[in-house]
Amino acid sequence: EQIRAELLWLLTGAPALAARGIRRSFPEGFSLRVEDFAVEAGSICGFTGPNGAGKTVLLEILGLVEPPDEGGIELLGRRIFPGPVSREERTALTFVMQRPYLFRGTVAWNVGYGLAARGLAGPERKRRVDACLERFGLGDLAGADVRRLSGGEARWVAIARGCVLEPAILILDEPDAHLDEPHVEALDGLIRGMRGSTTVLFSTHDPARTRICDHVFALDQGAVQQAR
């Protein structure tokens, strides 16, 4: 059913993800305002801006983590919000939070958690987890307890856990935080490799990180402007 929905979306030529008339306000006075924003399928989009500009708030709405006060999201040609989000809609994208939570257990178990939650079991799940661990250079840490990981290692495992799901849309909030330079370069290479097959959105404080992007959006005081 999910495959049929994605094929129908591809035939319509609709954007992979779009925000229409989004508003989100907070008691302390901050307000996010997005009139019309769309991301084409298979593109890489970067979001920059200072702390408090609204990057995380916007990505949480686009990632279906939080609903907006007003407006809606279009995901693979389907209108989301207002109303409940279906399981089919949630599984079309993966959102890796800025401070991801790892479950107690091994690295391999954490990487495969999402696959297990979606009902994938047995040899196929093991094959995909093993391939992802190899791709991320985590093979030697497969049996390691995640409680013994450094902050950078934990972030790397969380990104691997998102990528193993092979979503149509991957959203990464500050994925380069706590990563050393070799891992940042490896992340850039992984994201580049997704171009054309996966729509990737990520936020960063470092404008230099957006060199891999097809489109760059700058946020300032809750407003979005296309910078490139």
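Colleague: Why is Tyr113 called partly exposed?

Modeller: This is a predicted model, and in it Tyr113 has a relative accessible area of 33%. Buried would need under 20% and exposed over 50%, so a value in between counts as partly exposed.

Colleague: And what makes Trp109 partly exposed?

Modeller: Trp109 comes out at 45% relative accessibility, so the label is partly exposed.

Colleague: What makes Trp109 and Tyr113 a tilted aromatic pair?

Modeller: Their ring centres are 5.6 Å apart, and the cut-off for pairing is within 6.5 Å. The planes meet at 55 degrees; stacked would be under 30 and edge-to-face over 60, so tilted is what remains. Both residues also belong to one aromatic cluster, along with Tyr101 and Phe103.

Colleague: How many aromatic pairs are there by this rule?

Modeller: The count is 9.

Colleague: Why is the pair of Phe37 and Phe217 called edge-to-face?

Modeller: Here the planes stand at 75 degrees, with the ring centres 4.8 Å apart. The angle is over 60, so the pair is edge-to-face. Phe37 sits in strand β2 and Phe217 in strand β9, 180 residues apart, so this pair links distant parts of the chain.

Colleague: Are those two rings buried or exposed, and how do you know?

Modeller: Buried: Phe37 has 4% relative accessibility and Phe217 has a relative accessible area of 6%. The limit is under 20%.

Colleague: How do you know that Cys45 is in no disulfide?

Modeller: The nearest cysteine sulfur belongs to Cys213, and that is 7.1 Å away. A disulfide needs the sulfurs within 2.5 Å, so Cys213 is too far for a bond. The structure holds 0 disulfides. As for surroundings, Cys45 is buried at 0% relative accessible area, and Cys213 counts as buried at 8%.

Colleague: What makes α7 roughly parallel to α8?

Modeller: Helix α7 (residues 151-163) and helix α8 (residues 181-194) pack at about 10 degrees, with axes 12 Å apart. Angles under 35 degrees count as roughly parallel, so the label follows. On the α7 side, the contact is made by Trp156, Ile159 and Cys163; α8 brings His183, Ala186, Leu187, Leu190 and Met194. By type, the contact residues are 7 nonpolar, 1 polar and no charged.

Colleague: Why is helix α2 described as largely enclosed by the rest of the structure?

Modeller: Because 6 of its 8 residues are buried. Those are Lys55, Val57, Leu58, Leu59, Ile61 and Leu62. After α2 comes Leu64, with a positive phi near 65 degrees.

Colleague: What makes a positive phi worth a remark?

Modeller: Most residues other than glycine have a negative phi. Glu174 has a positive value too, near 50 degrees, and Gln221 has one of about 55 degrees although it is not a glycine.

Colleague: Where are Glu174 and Gln221 found?

Modeller: Glu174 lies in the loop between β7 and α8, while Gln221 is in the loop between β9 and β10.

Colleague: Which of the words buried and exposed goes with each, and why?

Modeller: Glu174 has a relative accessible area of 5%, so buried fits. Gln221 has 60%, and anything over 50% is exposed.

Conventions: Residues numbered from 1 in each chain as written. Predicted model: local features only at pLDDT ≥ 70, side-chain atom pairs only at ≥ 80, totals over all residues. Heavy atoms only, no water. Buried < 20%, exposed > 50% of the residue type's maximum accessible area, 1.4 Å probe, protein only. Axes fitted to C-alpha atoms, helices over the stretch in contact; angles between N-to-C directions. Helix = DSSP H or I, 4+ residues; strand = E, 2+ residues; numbered from the N terminus. Contact = heavy atoms within 4.5 Å. Nonpolar A, V, L, I, M, F, W, Y, C, P; charged D, E, K, R; others polar. Phe/Tyr/Trp six-rings, centres within 6.5 Å; stacked < 30°, edge-to-face > 60°.
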